[in-house]
Amino acid sequence: MSKRTEFLLIFNGIIFANITSVCAQEIGWYEKESRKCEFESPVAGNPSAFIRKTNNVGGQYLVAPKSSLNTIIAANADQVKNVHLLTNVELAALRSNLDSLRAAPQALSIVLDVLGKINNLKGALKISSGGLMNWLKGNAAGELKNIDRVYDFVTEGGAYVSIISFKAPAPGEKPLMLELRGYEVQVGTEPNPRRWLSSACLLPIEVTLSRIETKAAGANANNKRLDRQADGTWRMFDITDQKYSSSVFNYIGQDGEYAYFKVAPDKEYRAHMYGGPLQSRSSGAPTWNTLYQVIESQ
């Protein structure tokens, strides 16, 4: 966990603090992570909700809009489930794709058959690299199956499904996202739908931001808003005065908790991406000054 010392001063509704802290991770930490998606079948399925990139060390990470993360964080159990009911045309295409893979080397392990409910997804977010498949096998009775096992269940009422889990990281934690994708269908009066996963990924995330807004309370709160511009730069909007400042904020990257900006000639800002403070300092100074204790971002 980051070391932190703090001194508070309240003036005109704004809380200033001198804070000495160590970043949870370095800026651009996800570019040096070696994690990869642990299971991907060639079976056609619903596309990922997020862009996936490969970094310079061969690892993979997801690029996720902050607005999407807000939805997941606000959901019960820190997960969302998306279901796309397949049309007759899509069902026929899935059967055709399965048929074409019968002679492929992957035919004997084409899907992960999940017999039970997939619970405790928050616990899965702490799994070390390479451990996701064993977790699924142990926690959801998952077992690799061949094409025939799923082909017979590709029928009316079948759907592509994705389950996504994420939670705001604690100080020092690396933000990871779990994304499970596959096919499911309800069979008779069985308590749970039959589900076959074609993709299971637990990957680092890079967060894309479009707006940051301070949330100080009171008549003299003097709240601000940072807006991303069309050219990729950011401008600060004074909510009280209803106008933009002349300063240009240049985004320089993010660690696991904060997004960082530079303002010429010698000012730096950082905004906590999960509800923490907006801070500033002179470039290269060892301490950050808290301008606002709470912000919201999207």
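Is K32 buried or exposed? K32 is exposed, with a relative accessible area of 56%. The legends below describe close-up views of a predicted model.

**Figure 1. Overview of the protein chain in the predicted model.** The chain holds 5 helices and 20 strands. Of its 298 residues, 46% are buried. Among contacts with a separation of 6 or more, 59% join residues that lie 24 or more positions apart. The chain exposes about 14,600 Å², and 51% of this area is supplied by carbon and sulfur atoms.

**Figure 2. Confidence along the chain, with residues 1-23 in view.** The average pLDDT of the protein chain is 87, and 90% of the residues score at least 70. Over residues 1-23, pLDDT stays under 50. The model nevertheless has 60 contacts beyond four places in sequence for residues 1-23. Where pLDDT is low, the predicted coordinates should not be read in detail.

**Figure 3. Helix α2, residues 88-100.** This helix has 13 residues and reaches 18 Å from its first C-alpha to its last, close to the 18 Å expected at 1.5 Å a residue. Its buried residues are L91, L94, N97 and L98. They lie on the same side of α2, because they cover an arc of only 125 degrees around the axis. The face turned away from that buried side carries N88, V89 and S100, which are exposed. The buried residues of α2 pack against three elements: α5 (147-151), β9 (159-165) and β10 (176-185).

**Figure 4. Surroundings of S162 in strand β9.** Strand β9 is one of the elements against which the buried residues of α2 pack. S162 has a relative accessible area of 6% and is therefore buried, the limit being under 20%. Leaving aside neighbours within four places in sequence, S162 is in contact with N46, V80, K81 and N82, and also with L180 and R181.

**Figure 5. The salt bridge between E26 and K32.** A search of the whole structure finds 17 salt bridges, and this pair is one of them. The closest N and O atoms of E26 and K32 are 3.4 Å apart. E26 counts as partly exposed, at 46% relative accessibility. K32, at 56%, is exposed.

**Figure 6. The salt bridge between R52 and E40.** In this pair the closest N and O atoms are 2.9 Å apart. The pair links distant parts of the chain: R52 belongs to strand β4 (residues 51-54) and E40 to strand β3 (residues 39-40), with their positions 12 residues apart in sequence. Both partners are partly exposed, R52 with a relative accessible area of 26% and E40 with one of 44%.

**Figure 7. The salt bridge between R225 and D227, and a network elsewhere in the chain.** The closest N and O atoms of R225 and D227 are 2.9 Å apart. R225 is buried, with a relative accessible area of 15%. D227 also counts as buried, at 5% relative accessibility. In the network, salt bridges that share partners join K81, E184 and R195. K81 is also one of the residues in contact with S162.

Conventions. Residues are numbered from 1 along each chain as its sequence is written. This is a predicted model: local features need pLDDT of at least 70, side-chain atom pairs count only at pLDDT 80 or more; totals for chains, interfaces and linings use all residues. Side-chain values use heavy atoms; hydrogens and water are left out. Helices (H or I, at least four residues) and strands (E, at least two) are DSSP runs, numbered from the N terminus. Buried means under 20% relative accessible area, exposed over 50%, partly exposed in between (1.4 Å probe, protein chains only). Contact means heavy atoms within 4.5 Å. Accessible areas come from the Shrake-Rupley method with a 1.4 Å probe; for residues, only the protein chains shown count as cover. The expected span of a helix is 1.5 Å times one less than its number of residues. The arc is that of the directions from the helix axis to the C-beta atoms. pLDDT is the predictor's confidence in each residue, from 0 to 100. A salt bridge is a side-chain nitrogen of Lys or Arg within 4 Å of a carboxyl oxygen of Asp or Glu.
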